Each structure stands twice: as C-alpha cells, then as structure tokens.
Amino acid sequence: SYKGGMGRTTTMVAYALSLAANQDVSKRKRVVIVDCDLEAPGYLNFFDLSEHNGLKSGKKNGLVEFISDAQLTTKPEILDINDYIINVGIDNKNTFAYNNLDNIWLVPAGNLNEGYADLESGTDRYDYLEGLAKINLSSVTNVVKYFNLLFDKIEETINPDVILIDSRTGFNDIFGTAALYLSSCV
C-alpha cells in the first residue's frame, strides 16, 4: 500500500523478531534493519532506544550521518560501522538486557537527539535535520555507492543472514533506489 499508517514498519519489526528470536535456537537469524524512512523514522521507539546513551552522547549515529560522513571524507572505507549501528538486545550498560534480541541490529535513520555536540571530533552535526540537509539523495549513483559501502561494512562486521530495508512509501528518492537497485526482494 502507498498509504501511510498501514503497518509496514510494524510488520517488518514483527518479521525481524520472528527471524531473530525463533524458538528453535538453530534457526535464529542474524538480522539488520536499516531505517530509510528519513521523513518519519520510528525504529528507535519500537526498540525503546530513544534514551540510548550512545545516541544521546553523539557516539552512535545512523544512516544520515553515515552517508554524510562518507560524502565528506576522502577515505569513506575507514568509517567504522559500529559508530552507526546498534545491537537492540544490548542495553546502555553493554549487557544483554533483552532476551533473544541480541540477533537484531539497527541502523537508525539518524541521531534524533537534538543539540548533541561531539566535542572530541569537532563535528558540526547538531541535529538530524542538519545532517539530512548535507546528503545528496537525488544522485542514484552516489546513493547506491554509499549503501553498498554500508552493506559491505555490515557484512564484514556482523555477517547477517538478512538485511531489511524500510523506506518511506510512495515515490521518493530512497524508495526508488532501494526498490530498484538495492533489494533482492520487495
């Protein structure tokens, strides 16, 4: 459906949970969710991550920051995926807090905690919208290039069984690119 509010994101979360938390331990899958709904990101709420210390401190970011950083650096291959991905089963104290969710990783749309400043690195992304404004989503070639870099880094670090991409419905830059160039199944 191209109508909003039909439950696509909720269904994807349920599917990820089913794959990752299967009762038969030998059938549990390693699942990565990439939140590409840049207009209405919602996965932080599903997994109760809005108060995540890494996000609040600016040490963890998401897709918008990954693409922005990849565009702005001369060596995007040195980006550390761990700066942009969260294991949803591990709490702020780095312990397994949520049983059977440690097989799910999330690349949030971005860091939605307004006003953070990473003083150590001197970054100037003070909020999500500023980061979003820095990326060029209209160039299919660049979007595919940065997503392939993201997928390569995810593969190297996590080696998932499944990568799920959720995007805004309708006709927009991310959905078209994800559906036509990045997905093996829509």
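**Exercise 1.** Which residue of strand 3 stands opposite Asn87?

*Solution.* The model is predicted. Start with the strands. Strand 2 covers 86-87, and strand 3 covers residues 104-107. The two pair in the antiparallel sense over two bridges. Now read off the partners. Ile86 faces Leu106. Asn87 stands opposite Trp105.

**Exercise 2.** Work out which strands stand at the edges of the sheet, and why one side of each lacks a neighbour.

*Solution.* Take the order: 2-3-1-4, in an open sheet of four strands with mixed pairing. Strand 2 and strand 4 (162-167) each have a single partner strand, so one side of each is left without a neighbour in the sheet. Next, look at strand 3 again. With strand 1 it pairs in the parallel sense, over four bridges. Val34 has Val107 as its bridge partner in strand 3.

**Exercise 3.** State which way the side chains of strand 3 point, and whether they are buried or exposed.

*Solution.* Ile104 and Leu106 point one way. Trp105 and Val107 point the other way. All four are buried, that is, under 20% relative accessible area. Then add the helix. Helix 6 (residues 140-157) lies across strand 1 (31-36), strand 3 and strand 4. Its angle to strand 1 is about 155°.

**Exercise 4.** Find the residues that form a nonpolar patch on the surface with Tyr181.

*Solution.* Place Tyr181 in helix 7 (residues 173-182). Check its exposure: the relative accessible area is 52%. The cut-off for exposed is over 50%, so Tyr181 counts as exposed. Its patch partners are Val140 and Leu180. Together the three have about 320 Å² of accessible area.

Definitions and conventions:
Residues numbered from 1 in each chain as written. Predicted model: local features only at pLDDT ≥ 70, side-chain atom pairs only at ≥ 80, totals over all residues. Heavy atoms only, no water. Pairing = 2+ DSSP bridges. Contact = heavy atoms within 4.5 Å. Axes fitted to C-alpha atoms, helices over the stretch in contact; angles between N-to-C directions. Patch = residues over 30% accessible without salt bridge, like charges linked within 9 Å, V, L, I, M, F, W, Y side chains within 5 Å. Areas by Shrake-Rupley, 256 points an atom, 1.4 Å probe, with all protein chains shown as cover. Salt bridge = Lys/Arg side-chain N within 4 Å of Asp/Glu carboxyl O. Buried < 20%, exposed > 50% of the residue type's maximum accessible area, 1.4 Å probe, protein only.
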